[in-house]
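The following exercises are to be worked through with the structure in view. Each task is followed by a solution in steps.

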Protein chains: 2
Amino acid sequence: MKEVLPKFNSTFSIDCVLFGFDEGELKILLIERNEEPFKDWWALPGNLVEEDESLDQSATRILHELTGLSDIYMEQYYTFGDVNRHPQGRVVSIAYYALLRLGGDKVVKPISNYAKQAYWRNVKDLPKLAFDHQQIFEKGMEKIKRRIKHQPIAFELLPEKFTLTQLQNVYEVILNKKLDKRNFRKKMLSFGVLRDLNEKQYGVSFRAATLYKFDKRKYAKLFGKEISF
Amino acid sequence: MKEVLPKFNSTFSIDCVLFGFDEGELKILLIERNEEPFKDWWALPGNLVEEDESLDQSATRILHELTGLSDIYMEQYYTFGDVNRHPQGRVVSIAYYALLRLGGDKVVKPISNYAKQAYWRNVKDLPKLAFDHQQIFEKGMEKIKRRIKHQPIAFELLPEKFTLTQLQNVYEVILNKKLDKRNFRKKMLSFGVLRDLNEKQYGVSFRAATLYKFDKRKYAKLFGKEISF
DNA sequence: TTTGATGGTGTATTTATTACACATGTAATA
DNA sequence: TATTACATGTGTAATAAATACACCATCAAA
C-alpha cells in the first residue's frame, strides 16, 4: 500500500521556548551551541523530529532530554518555514512553548552533545540568537501574552502553593504593565478557582502572606464560560 | 558551506480551510479527490510545499491555483504531524485558513488534476473527510471563533458594501448563537470603524437597508487598543 | 390597499472595571 | 523592648460596559 511520495527532500525540527519565572523575572532557557552551523551562538533548545514520533511526542522528548522534566504544560504555537532559515537545507521548524516551575532547583541538564551549556536568561535581556530564533521567541512571547488573559497558564509558572502577590507578579511581567493590587485580588478571587490553604509563607523577613492553590476541579467546571483572567 | 543534514526522509504539505459566507451560511471549500490515497473521498484542498517557496508563499499559491484569487486574508494556525496521518509516508501538514468573499460569482476553478471537482459545503453538514482533515477543519473552526471576537475578520467574508444585518449574520453563524439586534448595532457602531455609505441596498423585495463599509484606516489608528468585536 | 418581511431605534438594569490610601503583621536590629 | 523596614491585606465610590427588552417604519408584491 505504501507508494512513493513525490518529494522527500526536506526535514523538520522542533524548537522550544521554555518559560520560567524566578526572582520576579520571566526567563527563557537558552543553550550555547556546540555544533555548526551557528557554533558558539546562543539558541533556543530544539532538535529534529524522529521518524516514529508525533510532533507533540517529539516536543515532550526534547524537553525531557534537556531538563529531565515531564508532565509539563506545552503548546505548539507556530511553524516557521522560510526557505533559507537553515543554512544547511530546507528545515521547517515547529515551535512549542512550555511553562516551567523554577525554584532554585535542579532543572536543566543539557546532557546532549550539541549544547555546551544552558542558561536561564531574562526575556528583557537576550543575546543575539542563532537562525530565526529571535523571531520564534517573539512570536512565543506574543502568544503567552494573549493566552494569559483567557487561560489559567500563570499557575504553571508558580510553585503549587503561591501568594497572590506572586501571582500578580507573573501577570505584570508577562503583560509588561503594573496592575492595581486591590483590583487584581478582587478579580482573581471572584473566579472561585483559587483555594485558600489557611497556611502562611515562612522564612520570609516580613509579614507572611497567605498561600493559595489553583483548583483545577473548580476550573474545569467553569469550562466554556470564557473566564477573562 | 552546505553540509548534509542527518535526515531527509520526510516531507510537508499545506492544507487550507477556505471559509466563505453565502446565503446566510458559513461554508468551506471541499474537493473530491481524484488520486490515491483516499481517491473519491472529500478532502480539504492542499498540496505539497515546493523547495523554493516559504510556507506562506505555498499557501498563497495553492489558494490561487484553486480559486484564481489572490490578496486574500490567510493565516497559518496549526501543524499536524501524527506519525500515521498520511498512509504513504511521513507528511507533516501545516494548516491555513482563509476567508473569502463569495457572491454568486466565479470563485473556484479546480484546474488541477488531483481534484475531480470542488464544492462549497455548509460547515454544519460536512461529509466524511480524508486523512485527518476533520480534525484540521475543527481546529480551524475553533480558531476563527476566537479570532472573530478580537479581530475584524468578519468583514473579509462580506462584500465591500454590506448591511448591519449581514454583518450580524456572520457573527451569529460563526459563534453559533443568536445576538440581540439593538445591542449588536450599538456596539459595532461604537467602535467607529464602519463608514455609513449613505446608500441603500437595491433589488430586495423589502425595505432596503443602509450599506456600510469597513474603514481600515480608522481601524489601524485603534491598533493596540484591543477592540473586542 | 393589504400583507409579509426586514429595517431601524432607546431606555432601564445589571454587571464589570477603574481609581484610590492606610492600618496590620513580622523579622531584623538598634 | 522599641523602632524600623517591608510587604500584606482590605472597601467604596464613580464610571463604563453588557444585557434585556418591543414596537413602528418602509418597501415590494400580491
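**Exercise 1.** Which of the 20 residues around DNA strand D come nearest?

*Solution.* The model is predicted, with local features requiring pLDDT of at least 70 and side-chain atom pairs pLDDT 80 or more, while totals for chains, interfaces and linings use all residues. Residues are numbered from 1 along each chain as its sequence is written, and chains are lettered from A and ligands numbered from 1 in the order in which they are written. A residue is near a strand of DNA if its C-beta atom, placed from the backbone, lies within 6 Å of it. Those that come nearest to DNA strand D are A:Thr165, A:Arg182, A:Phe206, A:Thr210 and B:Arg207. Two or more residues each are given to this surface by α3 (164–175) and α4 (181–190) of chain A and by α4 (181–190) of chain B. Here helices are DSSP runs of H or I with at least four residues, strands are runs of E with at least two, and both are numbered from the N terminus.

**Exercise 2.** Determine the class make-up of the surface near DNA strand D, and describe the element that gives the most to it.

*Solution.* Step one: nine residues are charged, six polar and five nonpolar. Asp, Glu, Lys and Arg count as charged, Ala, Val, Leu, Ile, Met, Phe, Trp, Tyr, Cys and Pro as nonpolar, and the others, Gly among them, as polar. Step two: α4(B) gives the most, with four residues. Step three: of the ten residues of α4(B), the count that is buried (20 or more other C-beta atoms, placed from the backbone, within 10 Å of its own) is zero. Just after α4(B), B:Gly192 has a positive phi of about 70 degrees.

**Exercise 3.** Describe how α2 and α3 of chain B pack.

*Solution.* Two packed helices are described by the angle between their axes and the distance between the axes. For α2 (residues 133–150) and α3 (residues 164–175) of chain B, the angle is about 140 degrees and the axes are 9 Å apart. Axes are lines fitted to C-alpha atoms over the stretch in contact, and angles run from 0 to 180 degrees between N-to-C directions. α2(B) and α3(B) are therefore oblique, as angles under 35 degrees count as roughly parallel, over 145 as roughly antiparallel and 65 to 115 as roughly perpendicular, with the rest oblique. The contact (C-beta atoms, placed from the backbone, within 7 Å) joins B:Ile144, B:Lys145 and B:Ile148 of α2(B) to B:Tyr171, B:Ile174 and B:Leu175 of α3(B). By class, this contact has five nonpolar, no polar and one charged residues.

Note on methods. A residue is buried if 20 or more other C-beta atoms lie within 10 Å of its own, exposed if 12 or fewer, and partly exposed in between; C-beta atoms are placed from the backbone. Two residues are in contact if their C-beta atoms, placed from the backbone, lie within 7 Å.
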